[in-house]
Amino acid sequence: MSKLCVMLPPFAPDYSGAASALFELGGMIVIHDASGCTGNYTSYDEPRWLGSHVAVYCSGLRHMDAILGNDYLLVDRIKDAAKSIKPNFIAVLGSPVPMVIGTDFEGLAKEIEHETGIPSIGLSTRGLSYYGKGVNAAIISLMKKVCPKNLDESKKNDGINLLGMTPLDFGKEPNQKDFVELFEKNGIKVNCCLSMDCTFDQFKNSVYSKLNVVVSQSGYDTAVFMKQKYGIPFVVGSPMLMGMQILSKVLPEKFTFCPKPLENPSESKILIAGEQVIANTIRDYFEALGVKKGNVTVGVLFDSTKELLRKNDIVVKDEKALRDLLNSGNYEKVVADPLVEPLITKKTHESGIKFYPLPHVAISSKIYWDKPVRFVCEEFSNFIRDIIKK
């Protein structure tokens, strides 16, 4: 019962992350389930779905199909659909029922590729992990399938890739455009933005870039893979606030990150509960403005990367752990999705704790996704400064 959610909705799962990562690449995405998981993804985890023409299908798994293991029916349906839409690739994603019956997704993908001649991948997503694992698994699997095995040295360039750019972390618009504009206005070409406003050709040629910028934890494993496979180094940080923080990492010889510290910044203990890289970036900005190191704790609500954790950071395993953390009396200010605030008890509210809402699609879904936070703007910078003012 440790994973029981009483007040919070379930966070976006791995199959939603995988589908989101592949959404704009011109493929055929098939979620192997009985309709519920596909509906959950398209209705609650994908801000781009309404009005789109992306080929996302549900396998329509039924009781007898599950009992008898009738995989050939699925293969035949995919073959028929692929004939008409001619996708760049086919991806078959798992859900809880195929997990229980032990569906072999890699085997399915091989069979589908043999029958159709279209590059195919199978991902054994289960709906039991968070979206970040699905994002990384989908991108890495597709790269292994369609990207060059041996690089053409003449195609290498000075551009960068943005990894972990997903609407589950940043909303549909306008953050992706803001991030790209930030780099390109400063003379840094963005070759590929995985996976928003990204073409299939850009995806395949992303391996020729000079540097990867990991803008959320959803891109970290991909960055490690691309460094090992293609020798592309990476930096970690979200292009938030006014952007100088990440620009100084990408081009340290050209940019410096030295904001003017606030006079007498608050010494309050602050908790940032959310996605790891975004939360870390906000903390770095707090400290650059004069907040004492150690006063800000990051509570990671989704997947975490050990290398990005500080000593006092906390990986929050479930709703109860988050509730206990919020009401521990250790924090005077909290930054998190608005749906987290009801976990703060009346007694804790009366103690004077202050809550600062920062909507996150992977938590609050469509409630706020039409009103995305714009991270690269003066308004967000002022929001952050207000938190640490006395």
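The following dialogue examines how several descriptions of this predicted model are justified.

Colleague: Why is Cys198 called buried?

Modeller: The relative accessible area of Cys198 is 3%. Buried means under 20%, so Cys198 is buried.

Colleague: How do you know that Cys198 is in no disulfide?

Modeller: The nearest cysteine sulfur, which belongs to Cys192, is 3.2 Å away. A disulfide requires two cysteine sulfur atoms within 2.5 Å, and therefore Cys198 and Cys192 do not form one.

Colleague: Why is Cys58 called partly exposed?

Modeller: Cys58 has a relative accessible area of 30%. Buried would require under 20% and exposed over 50%; the value for Cys58 lies in between, so this residue is partly exposed.

Colleague: What is the nearest cysteine sulfur to that of Cys58?

Modeller: That of Cys37, at 8.4 Å. Because a disulfide needs sulfur atoms within 2.5 Å, Cys58 is in no disulfide. The structure as a whole holds zero disulfides.

Colleague: What makes helix 1 oblique to helix 7?

Modeller: Helix 1 (residues 14-22) and helix 7 (residues 131-146) pack at an angle of about 45°. Roughly parallel would need an angle under 35 degrees, and roughly perpendicular one of 65 to 115. The angle of about 45° falls in neither range, nor is it over 145, so helix 1 is oblique to helix 7.

Colleague: Which residues make that contact, and how far apart are the axes?

Modeller: The axes are 6 Å apart. Helix 1 contributes Asp14, Gly17, Ala18, Ala21 and Leu22, while helix 7 contributes Tyr131, Gly134, Val135, Ala138, Ile139 and Leu142. The crossing of helix 1 past helix 7 is right-handed.

Colleague: How do helix 13 and helix 17 meet?

Modeller: Their axes cross at roughly 65° and come within 10 Å. Helix 13 passes helix 17 in a right-handed crossing. On the helix 13 side the contact involves Ile282, Tyr285 and Phe286; among the residues on the helix 17 side are Phe380, Ser381 and Ile384.

Colleague: Which residues touch the most other members of the largest nonpolar core?

Modeller: They are Leu162, Phe183, Val213, Val250, Ile282, Phe286 and Phe380, within a core of 47 residues. Helix 13 (residues 276-288) gives the most to this core, with five residues. Another core, of 43 residues, lies apart from it and includes Phe23, Leu142, Met226 and Val236.

Colleague: What does Val250 touch, leaving aside residues up to four places away in sequence?

Modeller: Val250 touches Phe183, Ile188, Leu211, Val213 and Val235.

Key: Residues are numbered from 1 along each chain as its sequence is written. This is a predicted model: local features need pLDDT of at least 70, side-chain atom pairs count only at pLDDT 80 or more; totals for chains, interfaces and linings use all residues. Side-chain values use heavy atoms; hydrogens and water are left out. A nonpolar core is a set of buried Ala, Val, Leu, Ile, Met, Phe, Trp, Tyr and Cys residues joined through side-chain atoms within 4.5 Å. Buried means under 20% relative accessible area, exposed over 50%, partly exposed in between (1.4 Å probe, protein chains only). Helices (H or I, at least four residues) and strands (E, at least two) are DSSP runs, numbered from the N terminus. Contact means heavy atoms within 4.5 Å. Axes are lines fitted to C-alpha atoms, for helices over the stretch in contact, and angles run from 0 to 180 degrees between N-to-C directions. A crossing is left-handed if the near helix is turned anticlockwise from the far one by less than a right angle, and right-handed if clockwise.
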